[in-house]
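These entries record what I looked up in the structure shown below. I began with strand pairing and then turned to helix packing and the relation between chains.

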4 protein chains.
Amino acid sequence: MLRKPKSASKKRPPDRILRKMSNGRSPVPTKSLRLAVLSSGGDSPGMNACIRAVVRSATFRGWEVFGVKRGYQGLVEGDLIPLPLRSVGNIIQRGGTILGSSRSADFRTSEGRRSAFHELSALGISNLIVLGGDGTLKGASLFSKEFPVRVVGIPCTIDNDIPETELALGFDSAVETAVECVDKIRDTADSHGRVFVIEVMGKVSGHLALETSLAVGAEFALIPEKKFALSKLVSKIRAGIDRGKKGSIVIVAEGKKPGLSQIIAEQLQKHLPTEVRHLVLGHLQRGGSPSRLDRNLGSRYGDFAVELLSLKKNRVVTVWRNGGLGYVDFAKIEGKRKKPELETLSLIDRLSI
Amino acid sequence: MLRKPKSASKKRPPDRILRKMSNGRSPVPTKSLRLAVLSSGGDSPGMNACIRAVVRSATFRGWEVFGVKRGYQGLVEGDLIPLPLRSVGNIIQRGGTILGSSRSADFRTSEGRRSAFHELSALGISNLIVLGGDGTLKGASLFSKEFPVRVVGIPCTIDNDIPETELALGFDSAVETAVECVDKIRDTADSHGRVFVIEVMGKVSGHLALETSLAVGAEFALIPEKKFALSKLVSKIRAGIDRGKKGSIVIVAEGKKPGLSQIIAEQLQKHLPTEVRHLVLGHLQRGGSPSRLDRNLGSRYGDFAVELLSLKKNRVVTVWRNGGLGYVDFAKIEGKRKKPELETLSLIDRLSI
Amino acid sequence: MLRKPKSASKKRPPDRILRKMSNGRSPVPTKSLRLAVLSSGGDSPGMNACIRAVVRSATFRGWEVFGVKRGYQGLVEGDLIPLPLRSVGNIIQRGGTILGSSRSADFRTSEGRRSAFHELSALGISNLIVLGGDGTLKGASLFSKEFPVRVVGIPCTIDNDIPETELALGFDSAVETAVECVDKIRDTADSHGRVFVIEVMGKVSGHLALETSLAVGAEFALIPEKKFALSKLVSKIRAGIDRGKKGSIVIVAEGKKPGLSQIIAEQLQKHLPTEVRHLVLGHLQRGGSPSRLDRNLGSRYGDFAVELLSLKKNRVVTVWRNGGLGYVDFAKIEGKRKKPELETLSLIDRLSI
Amino acid sequence: MLRKPKSASKKRPPDRILRKMSNGRSPVPTKSLRLAVLSSGGDSPGMNACIRAVVRSATFRGWEVFGVKRGYQGLVEGDLIPLPLRSVGNIIQRGGTILGSSRSADFRTSEGRRSAFHELSALGISNLIVLGGDGTLKGASLFSKEFPVRVVGIPCTIDNDIPETELALGFDSAVETAVECVDKIRDTADSHGRVFVIEVMGKVSGHLALETSLAVGAEFALIPEKKFALSKLVSKIRAGIDRGKKGSIVIVAEGKKPGLSQIIAEQLQKHLPTEVRHLVLGHLQRGGSPSRLDRNLGSRYGDFAVELLSLKKNRVVTVWRNGGLGYVDFAKIEGKRKKPELETLSLIDRLSI
């Protein structure tokens with residue numbers, strides 16, 4: 001929801017065009033094509049809805065689907081299982097990923113990737129769908145350069161910092177969870193007249209912190225993309241107290257150094273008469289039943305990724321833009337990070353006066 | 001999320017351009033301009049976040065804000081109250097609308113609208129922001145043609161059928177609520193091996209039914225925009241039972257005649273061995289704490305509507321497109337209804353095999 | 001929570017005593033005893049937590065557990081499956097029942113019950129735990145009189161009308177769900193100044209209606225146990241409107257005739273100036289993740305039922321009284337229905353002035 | 001829910017008896033008696049429902065109610081406001097306390113308490129209802145010994161360690177919130193095969209940790225009342241991993257030293273091959289909309305406290321026992337702490353094999 005891609009619509013062959021490319025014909029089973037799907041890196045809500053869509057859409061086309069357990073590590077080790085239709089029943093509403101995930105050191109080595117290729121080849125699989133964030137997609141890109149495997153990526157990260165797409169899978173749910181948590185804290189903050197500094201995920205990206213701040217009516221948001229002056233934060237909160245505000249909420253993206261919210265809270269305490277507390281939401285933000293938006297985005301991404309493979313697309317990532325599906329080349333997103341609109345900081349400020 | 005506007009991005013002056021139009025300068029108080037805000041028609045989640053944003057943004061610019069109680073009826077009767085900063089504290093997370101709403105017969109008469117204008121004039125108010133669906137926006141259009149009042153509309157309807165915008169305020173929350181309800185029914189449906197026909201809102205529009213169906217993994221969606229054959233529905237459910245599905249979910253948009261879900265359930269019962277039950281979600285879908293997306297959309301719409309007024313825009317409605325804010329003339333949306341992508345029906349079918 | 005059992009504590013051998021009866025020794029595997037568990041009648045939240053506890057506790061004692069699918073009907077038909085430890089993993093938080101449920105006409109015949117006994121005998125099972133409401137427990141009683149099968153019942157019904165226990169499994173969750181729904185309706189009721197008549201489950205018992213009414217601050221509760229005068233209801237709501245109440249909520253237990261809430265709403269509409277709407281919550285109340293209380297009650301009931309069987313208890317039902325576990329003979333509850341405290345009606349009235 | 005009071009029912013005059021004591025007559029306005037109500041210490045969910053009940057029940061009897069802001073500190077400073085009927089409208093579902101709370105150093109001095117008495121006397125108030133935990137009730141006891149003020153206490157603490165009552169207000173909601181959080185973490189734990197050590201509140205009491213552990217199916221619970229051996233914890237988790245468990249959950253009551261969950265996590269990490277993470281739920285547990293049980297318990301406690309005052313009871317605290325209301329003298333609870341049933345630890349162990 002945060003950025004406004006400028007010329008997005010021009011270059012992307014939209015869903016509709018793709019369908020024309022496939023002649024609108026009902027899908028022709030491509031003589032039992034075999035497909036593998038995996039999720040890697042931090043899990044994000046909606047992955048199960050997406051895996052379900054991959055399995056169902058591919059099966060619908062007459063393909064066979066295999067699931068890779070534990071992300072790239074499972075690929076390296078050949079930990080694949082068949083995913084028949086029923087294996088993805090009743091998972092659309094579940095958090096996490098039924099395939100499991102991990103961060104794989106082995107896959108970062110060329111031996112690891114060679115092993116992965118051999119495992120796929122052994123099963124006759126030459127199509128791969130990967131769900132994950134920038135690290136995962138980078139790995140996919142490298143792998144598909146080195147070996148003759150067709151790869152489509154699906155952007156999944158609660159950080160929402162993948163370029164070229166308005167939405168990465170899991171972001172909406174993560175904001176929703178953070179907002180529910182802060183709503184609860186607000187009760188206590190108001191009852192005691194306290195300041196709460198609440199830390200949300202975001203080592204290098206402030207999207208989650210910004211959207212959470214806006215949704216809870218926070219007094220202030222601190223994000224990695226923008227320096228801030230403690231004095232400004234103090235004076236904002238003081239002004240609120242003077243105007244009769246009962247409690248105050250400050251949202252902090254975690255940043256690179258651990259303990260940021262605690263540091264901010266301690267510094268604030270030195271300058272404020274009211275009690276200051278801090279809370280780290282941590283892994284809460286990854287879990288829980290995905291929001292309807294993520295379930296639907298995941299379903300659409302998964303189905304579309306299968307369609308892209310059926311059209312022989314390779315080295316592309318699905319994106320959501322302008323209210324519809326699209327895709328871009330791996331090259332367009334590599335080494336880039338989507339920045340949030342800093343104007344949102346002003347909006348948060350304006351709305352919490 | 002449902003449609004892909006084709007040439008949307010060309011014509012709209014985006015948020016950023018608008019900001020340039022105002023020279024990026026911090027807002028100049030326009031000598032105590034007075035502004036009124038009202039919500040009319042069915043309430044939708046996020047209205048309070050939007051009203052809060054209108055009040056805070058306008059106050060930030062040095063304007064005075066009045067709230068009209070009970071929609072157009074309160075405007076006709078001169079039921080306005082000042083809305084100071086604190087009056088909108090702690091409402092961002094609340095469902096409904098603190099201003100109240102109604103459907104006004106009086107405002108449909110020219111005497112009624114004349115009375116409304118006199119009430120505004122008496123308070124020196126010449127700027128009006130209206131929150132509502134197509135009926136409300138139509139009323140706003142008529143009013144602003146007849147009288148020298150500057151009007152900006154904000155699309156609010158859980159039907160999501162306002163043209164030119166990807167999202168009307170309240171839609172996301174309504175789908176979320178419907179999805180939570182169906183998730184609960186799924187437990188019972190699976191335990192008893194039952195078919196449940198669940199009716200969601202949508203007299204003439206199927207957006208809500210479609211997105212709900214996709215998110216819950218429904219076996220079938222019935223929408224006003226597309227005829228359906230009972231036989232196809234029966235055979236889909238039978239096939240599911242044969243493949244070992246425990247329960248089945250059919251989502252029905254209410255349509256124009258009351259009792260549709262009950263009729264469908266009775267017809268299905270004649271052709272199926274399993275128990276068939278129906279449930280009408282009704283007003284549940286309007287209530288509850290708004291989703292984070294609606295809180296943020298409402299906040300952005302409200303703030304942007306104030307900015308549009310500050311730029312002397314008139315007879316326009318705020319829209320969300322291509323991941324950002326925009327606006328279109330009333331003329332662009334009048335007499336039109338946004339249609340859902342019927343391709344979503346195929347997707348729902350494909351994913352529930 | 002509703003009634004105050006008078007002499008409850010005297011007769012029950014409490015948990016602690018039971019433990020003493022078993023000499024506090026760690027359980028001795030009774031040479032591979034075999035146990036079956038089933039859920040019958042309407043499903044209620046917490047059944048899965050309870051089934052999990054039965055399986056885990058029995059396995060812990062070295063017993064073998066079988067699950068009967070689809071309640072008594074599955075028993076008649078011999079539809080039993082082994083339930084190893086892992087079969088109940090990750091179900092504690094799920095609504096419904098993994099075993100399925102049904103209402104069985106066959107089990108009401110002596111041939112049906114004979115068949116059930118043969119199926120159990122064939123597998124060498126002579127111990128049975130049944131989860132369900134009064135109908136289910138009555139069936140269990142009959143069955144255990146006729147055949148040499150040791151039976152322990154666990155009271156599960158969202159109606160909470162089983163005598164001798166403060167809590168039947170599922171009641172707390174059902175009230176919680178009803179309360180969440182009414183909270184949402186309250187938003188809309190207040191925004192439009194409407195009266196909402198909301199129907200909760202309860203054909204013959206008002207426990208659910210009463211606790212829901214109290215928890216949402218309803219203006220009025222209508223229950224099967226107490227006649228009411230429409231005039232009193234009308235004057236209560238009128239008085240509220242006169243004092244400035246925005247919306248009003250009336251909770252109705254469904255009663256024996258369908259459509260009660262609609263009838264009440266129509267009658268009310270004749271006497272009130274404000275809009276009156278109705279809503280039937282229906283099966284929503286059975287579903288959803290069980291409350292923590294039901295998860296824990298189900299866990300304790302399930303574990304305790306296994307302990308009772310290990311102590312050779314027969315024809316007893318687990319109960320919750322005085323903050324602890326107990327059990328009573330089937331004879332104590334048969335043909336009886338727990339009545340709610342009518343004083344709660346006065347309390348609801350007093351608190352909604 | 002955890003302990004089984006042995007002889008509880010004998011000494012308490014139950015609700016019903018009380019009502020008989022007041023002759024069942026409709027309440028006689030005691031010539032405009034004045035009553036004050038305050039909440040002190042940590043806030044707990046349900047306090048607002050309780051305050052609402054106090055106001056409504058007292059007003060129903062013709063009394064006047066004043067609210068003390070910020071707990072005892074507001075009493076010392078004379079920060080009281082009238083609480084008319086409407087002041088408690090629409091708060092039953094809100095977390096926190098509309099009166100605010102604090103920990104007051106002044107009230108611990110005899111000057112402070114003298115000042116509090118003068119403030120009450122100045123307003124003609126000689127009846128006081130206090131909501132809070134053991135510290136608050138201790139203060140109330142002291143105050144009512146020193147000055148001629150009639151005091152009734154209502155046990156409110158998410159620790160649930162007040163003796164003589166099965167339930168303190170707020171406990172059920174706090175467990176519910178903790179359970180929801182852990183359910184979310186479980187998704188991520190299972191996806192990554194991780195061990196999560198989750199810290200819940202409880203400096204000296206393990207009730208919250210125990211009920212949470214049971215409800216989430218935790219592998220282990222660590223509570224202040226029971227020493228534990230790290231080796232036992234390690235072997236339990238190892239055994240689970242060996243049997244194919246994907247993730248493991250350990251619940252830790254915070255205890256007296258900060259950072260306990262982190263320490264446990266670090267120690268575990270040394271002995272386990274899988275990743276171990278920790279999370280502190282902190283103030284999340286105090287907030288949020290109260291559960292239906294706490295809303296109803298709060299409503300009943302508040303109403304009953306008013307009734308006790310009307311019967312000239314003094315220096316008593318309301319309790320919930322044996323499925324009904326009762327009261328005990330302050331003396332019965334002072335200096336004592338309710339212990340959890342340690343048998344629950346065995347149950348948790350048995351059910352998580």
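Entry 1, strand pairing. I looked up Val200(B) and found that its bridge partner in β8(B) is Ala253(B). The model I consulted is a predicted one. I then took the two strands as wholes: β6 (residues 195-200) and β8 (residues 248-253) of chain B pair in the parallel sense, over six bridges.

Entry 2, helices on these strands. I noted that helix α9 (residues 230-242) of chain B packs on the sheet and touches β6, β7 and β8 of chain B. Its direction makes about 155° with that of β8(B). Helix α8 (residues 207-216) of chain B lies across β6, β7 and β8 of chain B and runs at about 165° to β8(B).

Entry 3, the sheet. I traced the strand order in chain B as β7-β8-β6-β9, an open sheet of four strands with parallel pairing. The edge strands are β7 (220-222) and β9 (276-280) of chain B, each pairing on one side only. From one strand to the next, the twist averages 20°.

Entry 4, a helix of chain D. Which residues of helix α13 (residues 343-351) of chain D are buried? I listed Thr344(D), Leu345(D), Leu347(D), Ile348(D) and Leu351(D). They lie on the same side of α13(D), because they cover an arc of only 160° around the axis. I found that they pack against α3 (47-60) and α11 (292-310) of chain C, together with α8 (207-216) and β7 (220-222) of chain D.

Entry 5, chains B and C. I recorded that a turn of 180° with a shift of 0.0 Å along the axis lays chain B on chain C with an RMSD of 0.0 Å. This is the relation of a two-fold axis. The same surface serves both copies, as 100% of the contact residues of chain B recur in chain C.

Key:
Residues numbered from 1 in each chain as written. Chains lettered and ligands numbered in written order. Predicted model: local features only at pLDDT ≥ 70, side-chain atom pairs only at ≥ 80, totals over all residues. Buried ≥ 20, exposed ≤ 12 C-beta atoms within 10 Å, placed from the backbone. Arc of directions from axis to C-beta. Contact = placed C-beta atoms within 7 Å. Least-squares fit on C-alpha atoms with pLDDT ≥ 70 in both. Pairing = 2+ DSSP bridges. Axes fitted to C-alpha atoms, helices over the stretch in contact; angles between N-to-C directions.
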